[in-house]
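Visitor: I have a structure in front of me and would like to learn how to read it. Could we go through it feature by feature?

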Amino acid sequence: MSKKILILSGSPRKGGNSDILCDEFMRGAQDAGHTVEKIFVRDQKMTCNLGEQRHVLVADARMCLC
């Protein structure tokens, strides 16, 4: 049974060790017949609402916990 898999890569460097690990996992899942999408978290603009304050963060070393 085919699954849809989403990989959220938090690696700060494209081509770094964590990114390579994500790629290998992705290749294995695709070889097994699954549909895989990889998103680089660092490239995403994220928003977070904390009460009356609104914080907009660009994914890097900072975190916004909601």
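Guide: This is a predicted model. Start with Arg13: leaving aside neighbours within four places in sequence, Arg13 is in contact with Asp19 and Arg42.

Visitor: Where does Arg13 lie?

Guide: Arg13 sits in the loop between β1 and α1.

Visitor: How far apart are Arg13 and Arg42, in sequence and in space?

Guide: They are 29 residues apart in sequence, and 9.2 Å apart in space from C-alpha to C-alpha.

Visitor: Is Arg13 buried or exposed?

Guide: The cut-off for exposed is over 50% relative accessible area. Arg13 has 53% relative accessibility, so Arg13 counts as exposed.

Visitor: Which residue could I set against it?

Guide: Take Ser9, which is found in strand β1. Its relative accessibility is 1%, and therefore Ser9 counts as buried. Leaving aside neighbours within four places in sequence, Ser9 is in contact with Asp19, Cys22, Lys38, Ile39, Phe40, Val41 and Arg42.

Visitor: Which elements does the protein have, and in what order do they run?

Guide: The protein has 1 helix and 4 strands. From the N terminus on, the order is β-α-β-β-β.

Visitor: In what sense do β1 and β2 pair?

Guide: Strand β1, residues 4-9, and strand β2, residues 35-40, pair in the parallel sense over 6 bridges. The chain goes from β1 through α1 to β2, and this β-α-β crossover is right-handed. Within the pair, Leu8 stands opposite Ile39 in β2.

Visitor: How do I read the side chains along a strand?

Guide: In a regular strand the side chains alternate between the two faces of the sheet. Strand β2 shows this alternation: Val36, Lys38 and Phe40 point to one face and are buried, while Thr35, Glu37 and Ile39 point to the other and are not buried.

Visitor: And how do I read a helix?

Guide: An α-helix has 3.6 residues a turn, so residues three or four places apart point the same way. In α1, the buried residues are Asp19, Cys22, Met26 and Ala29. Seen down the axis of α1, the buried residues fall within an arc of 85 degrees, so they line one face of the helix. Asn17, Leu21 and Asp31, on the other side of α1, are exposed.

Visitor: What covers the buried residues of α1?

Guide: The cover includes β1 and β2.

Visitor: How can I check the length of α1?

Guide: Compare the expected span with the model. At 1.5 Å a residue, the 15 residues of α1 should span 21 Å, and the end C-alpha atoms of α1 are 21 Å apart, which agrees.

Visitor: What follows α1?

Guide: Gly33 follows α1, and the phi of Gly33 is positive, near 95 degrees.

Visitor: Where should I look for a core?

Guide: In soluble globular proteins, nonpolar side chains tend to be buried together. Here the largest nonpolar core has 5 residues: Ile7, Cys22, Met26, Ala29 and Val36. Helix α1, residues 17-31, gives the most to this core, with 3 residues.

Visitor: Which residues does Val36 touch?

Guide: Not counting residues up to four places away in sequence, Val36 touches Ile5, Ile7, Met26, Ala29 and Gln30.

Visitor: What can be said of the protein as a whole?

Guide: Buried residues make up 23% of its 66 residues. Of the contacts with a separation of 6 or more, 44% are between residues 24 or more positions apart.

Terms used: Residues are numbered from 1 along each chain as its sequence is written. This is a predicted model: local features need pLDDT of at least 70, side-chain atom pairs count only at pLDDT 80 or more; totals for chains, interfaces and linings use all residues. Side-chain values use heavy atoms; hydrogens and water are left out. A nonpolar core is a set of buried Ala, Val, Leu, Ile, Met, Phe, Trp, Tyr and Cys residues joined through side-chain atoms within 4.5 Å. Buried means under 20% relative accessible area, exposed over 50%, partly exposed in between (1.4 Å probe, protein chains only). Helices (H or I, at least four residues) and strands (E, at least two) are DSSP runs, numbered from the N terminus. Contact means heavy atoms within 4.5 Å. Two strands pair if DSSP finds at least two bridges between them. A crossover is right-handed if, with the strands pointing away from the viewer, the path from the first strand over the helix to the second runs clockwise. The expected span of a helix is 1.5 Å times one less than its number of residues. The arc is that of the directions from the helix axis to the C-beta atoms.
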